[in-house]
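User: I'm new to reading protein models, so please take me slowly through one part of this one. Pick a place to start and show me what surrounds it.

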Amino acid sequence: MEKKSTKIKIGGIEYTITGYEEPEYMQKVAVYVDKKMNEVRQKCFSLDSAMIAVLTAVNLADENLKLYDRVEELEKEINRLGNRQDIKNNHGTVVKRKRG
C-alpha cells in the first residue's frame with residue numbers, strides 16, 4: 001500500500017497530511033474534526049486555538065472510548081445470543097438452530 005498526501009483544512013488553516021487512507025476519507029475526517037472544533041469554539045469563544053484543539057481532542061477521545069465500550073458490550077451480547085440454541089428472529093418467531 002502506498003502513502004498518499006492530502007490537503008485538508010481545519011480551523012481555517014490548510015494542512016498536508018500523509019497516510020494510507022484515501023483522500024476522500026481524510027477529507028471526511030478533517031470535516032468532522034473541524035465541526036467538533038467549531039462546537040467547542042462556540043461554547044468557549046474566549047479560548048485560544050491551542051486550548052480549543054486540546055478540548056476537542058479530549059471530547060473526541062471521550063466519544064471514541066464510549067463507542068469502544070459500546071462495541072464491546074454488543075460483541076458480548078452477540079456471543080451470548082450466538083450460544084443460545086433458540087433465537088427469535090425480527091418477527092418474534094423462534095428459530096431452532098442446528099448444532100454441529
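Analyst: Let's start with Thr-6, which counts as buried because its relative accessibility is 5%. Here buried means under 20% relative accessible area, exposed means over 50%, and partly exposed is in between, using a 1.4 Å probe and protein chains only.

Before we go on, some ground rules. This is a predicted model, so local features need a pLDDT of at least 70 and side-chain atom pairs count only at pLDDT 80 or more, while totals for chains, interfaces and linings use all residues. Residues are numbered from 1 along each chain as its sequence is written, and side-chain values use heavy atoms, with hydrogens and water left out.

So where does Thr-6 sit? It belongs to strand E1, residues 4–10. The names are simple: helices (H or I, at least four residues) and strands (E, at least two) are DSSP runs, numbered from the N terminus. If you skip the neighbours within four places in sequence, Thr-6 is in contact with Tyr-15, Thr-16, Ile-17, Pro-23, Met-26 and Gln-27. Contact just means heavy atoms within 4.5 Å.

Tyr-15, Thr-16 and Ile-17 are on that list, and that leads us to the next strand. E1 pairs with strand E2 (residues 13–19) in the antiparallel sense, over seven bridges. Two strands count as paired if DSSP finds at least two bridges between them. You can trace the pairing yourself: Lys-4 has Gly-19 of E2 as its bridge partner, and Lys-9 has Glu-14 of E2. The hairpin of E1 and E2 has two residues between the strands, and Gly-11 takes a positive phi near 60° there. As a general point, side chains in a regular strand alternate between the two faces of the sheet.

Now follow E1 into the middle of things. The largest nonpolar core has six residues: Ile-8, Ile-10, Ala-30, Met-37, Val-40 and Ile-52. A nonpolar core is a set of buried Ala, Val, Leu, Ile, Met, Phe, Trp, Tyr and Cys residues joined through side-chain atoms within 4.5 Å. E1 and helix H1 (23–43) are the elements that give two or more residues to this core, and H1 gives the most, with three. In soluble globular proteins, nonpolar side chains tend to be buried together. For one core member up close, try Met-37: not counting residues up to four places away in sequence, it touches Ile-10, Ile-52, Ala-53 and Thr-56.

That makes H1 worth a look of its own. It has 21 residues and reaches 30 Å from its first C-alpha to its last, close to the 30 Å expected at 1.5 Å a residue; the expected span is 1.5 Å times one less than the number of residues. Its buried residues are Met-26, Ala-30, Lys-36, Met-37 and Val-40. They cover an arc of only 130° around the axis, so they lie on the same side of H1. That arc is taken from the directions from the helix axis to the C-beta atoms. On the face turned away from the buried side you'll find the exposed residues Glu-24, Lys-28, Val-31, Gln-42 and Lys-43.

What covers that buried side? E1, E2 and helix H2 (49–82) are included in the cover. Thr-56 is one residue found in H2, and it is buried, with a relative accessible area of 3%. Leaving out residues up to four places away in sequence, Thr-56 touches Val-33, Lys-36, Met-37 and Val-40.

Lys-36 has one more job in our picture. Its side chain meets that of Glu-63 in a salt bridge, at 3.4 Å from N to O. A salt bridge is a side-chain nitrogen of Lys or Arg within 4 Å of a carboxyl oxygen of Asp or Glu. This pair links distant parts of the chain, with Glu-63 in H2 and Lys-36 in H1, 27 residues apart. Lys-36 counts as buried at 17% relative accessibility, whereas Glu-63 is partly exposed at 27%. Glu-39 comes in too: Lys-36, Glu-39 and Glu-63 are linked in a network of salt bridges.

The structure holds six salt bridges. Another is in H2, where Glu-77 and Arg-80 meet at 2.7 Å, N to O. Those two are three residues apart, so about one helical turn separates them.
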